[in-house]
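Colleague: I have a model with a ligand on screen. Show me how to read it.

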Amino acid sequence: MNVLVTAGPTREAIDPVRFVSNRSSGKMGYAIAAAARRAGHTVCLISGPVALPAPRGVEVVRVTTAAEMLAAVQRRVRSCDLLVMAAAVADWRPKQPARRKLKKQDGPPRITWEPTPDILQTVAQRKTARQIFCGFAAETHDLAREAQRKLRAKNLDAIAANDVARADRGFEADHNALTIFFADGCVRQVGWTTKARAARVLLRELAAYADRKKSENIFEK
Ligand code: C5P
């Protein structure tokens, strides 16, 4: 199987030395890429700026901004069987980054923001029946409702929701707990565990969903 994974944050420039980003460490996405490779798949990992080594046997494409990540995903998505978007893409970017460093003595800058492209929503519009797309939802509250809204809005097969309000899981931590919502209504819990094990369980659950989807297609024909 060809597996495409995204990981880490994106950085959106304010001026040549400053940017807006988020706390994503990339650990969850790297763990998914490593687990998929160990399971025998061909894996491409599109990574925002993180301080992690490339998982063994995985092709790593390094990007900085949401626009670069979109272009990198678009180049590879057609040939993938499974896309897991674990990246924490910045939601907004300065509309016009300053070309020269903003001077502190000029006071706080007035920045006009614009939304970044929604990568998953963009590529999911052309999802084929054989492809499985899984998103992540990092939430501090209303986890189930928000995750299910995103699952539908972005035309996904699955979304793995995790709580980022607690220090022992989610952003930057080595552990995580996931609730995986599937398009066929199934919900699976992955209790608090290492990100390596959470990644293995997520891939197993996605494979089980793919089997359910295939057998449904057979009955529809
Ligand atoms: O930011 P949000 O909670 O909507 O993210 C849910 C999913 O959408 C994640 O898998 C994330 O990688 C993806 N996303 C994206 N492009 C964005 C924002 C989020 O692909 N601009």
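**Reading the ligand site**

Modeller: Start with the shell. There are 13 residues around the ligand, and M85, A87, L120, F136 and K150 come nearest. Keep in mind that this is a predicted model.

Colleague: What classes of residue make up the shell around the ligand?

Modeller: Sort the shell by class. Here 7 residues are nonpolar, 2 are polar and 4 are charged.

Colleague: Which secondary-structure elements each supply at least two residues of that shell?

Modeller: Map the shell onto the elements. Helix α3 (119–124) and strand β9 (132–139) each contribute at least two residues.

Colleague: Where are the polar contacts of the ligand?

Modeller: Look for N or O pairs within 3.5 Å. Take the backbone first. A polar backbone atom of A87 is 2.7 Å from an oxygen atom of the ligand. At F136, a backbone N or O atom lies 2.8 Å from a ligand oxygen. Then check side chains. T116 places a polar side-chain atom 3.4 Å from a nitrogen atom of the ligand.

Colleague: How much of the ligand's accessible area does the protein cover?

Modeller: Compare the ligand on its own with the ligand in place. On its own, the ligand has 440 Å² of accessible area, and the protein covers 89% of that.

Colleague: Which pocket holds the ligand?

Modeller: The largest one.

Colleague: Now zoom out. How many helices and strands does the protein have?

Modeller: Count 5 helices and 12 strands. Next, test the overall size against chain length. The radius of gyration is 18 Å, close to the 17 Å from the globule rule for 221 residues, so the protein is as compact as a globular protein of that length. Along the principal axes, its C-alpha atoms fill a box of roughly 65 × 35 × 35 Å.

Note on methods:
Residues are numbered from 1 along each chain as its sequence is written. This is a predicted model: local features need pLDDT of at least 70, side-chain atom pairs count only at pLDDT 80 or more; totals for chains, interfaces and linings use all residues. Side-chain values use heavy atoms; hydrogens and water are left out. A residue is near a molecule or strand if one of its heavy atoms lies within 4 Å of it. A polar contact is a pair of N or O atoms within 3.5 Å; within protein, one must be able to donate a hydrogen and the other to accept it, and residues adjacent in sequence count only if both atoms are side-chain atoms. Accessible areas come from the Shrake-Rupley method with a 1.4 Å probe; for residues, only the protein chains shown count as cover. On a 1 Å grid over the protein atoms alone, a cavity is a set of points where a 1.4 Å probe fits but cannot get out, and a pocket is an open set with protein on both sides within 12 Å along at least five of seven lines; lining residues have an atom within 4 Å of a point. A molecule sits in a cavity or pocket if more than half of its atoms lie within 2 Å of its grid points. Helices (H or I, at least four residues) and strands (E, at least two) are DSSP runs, numbered from the N terminus. Ala, Val, Leu, Ile, Met, Phe, Trp, Tyr, Cys and Pro count as nonpolar, Asp, Glu, Lys and Arg as charged, and the others, Gly among them, as polar. The radius of gyration is taken over C-alpha atoms; the globule rule is 2.2 Å times the number of residues to the power 0.38.
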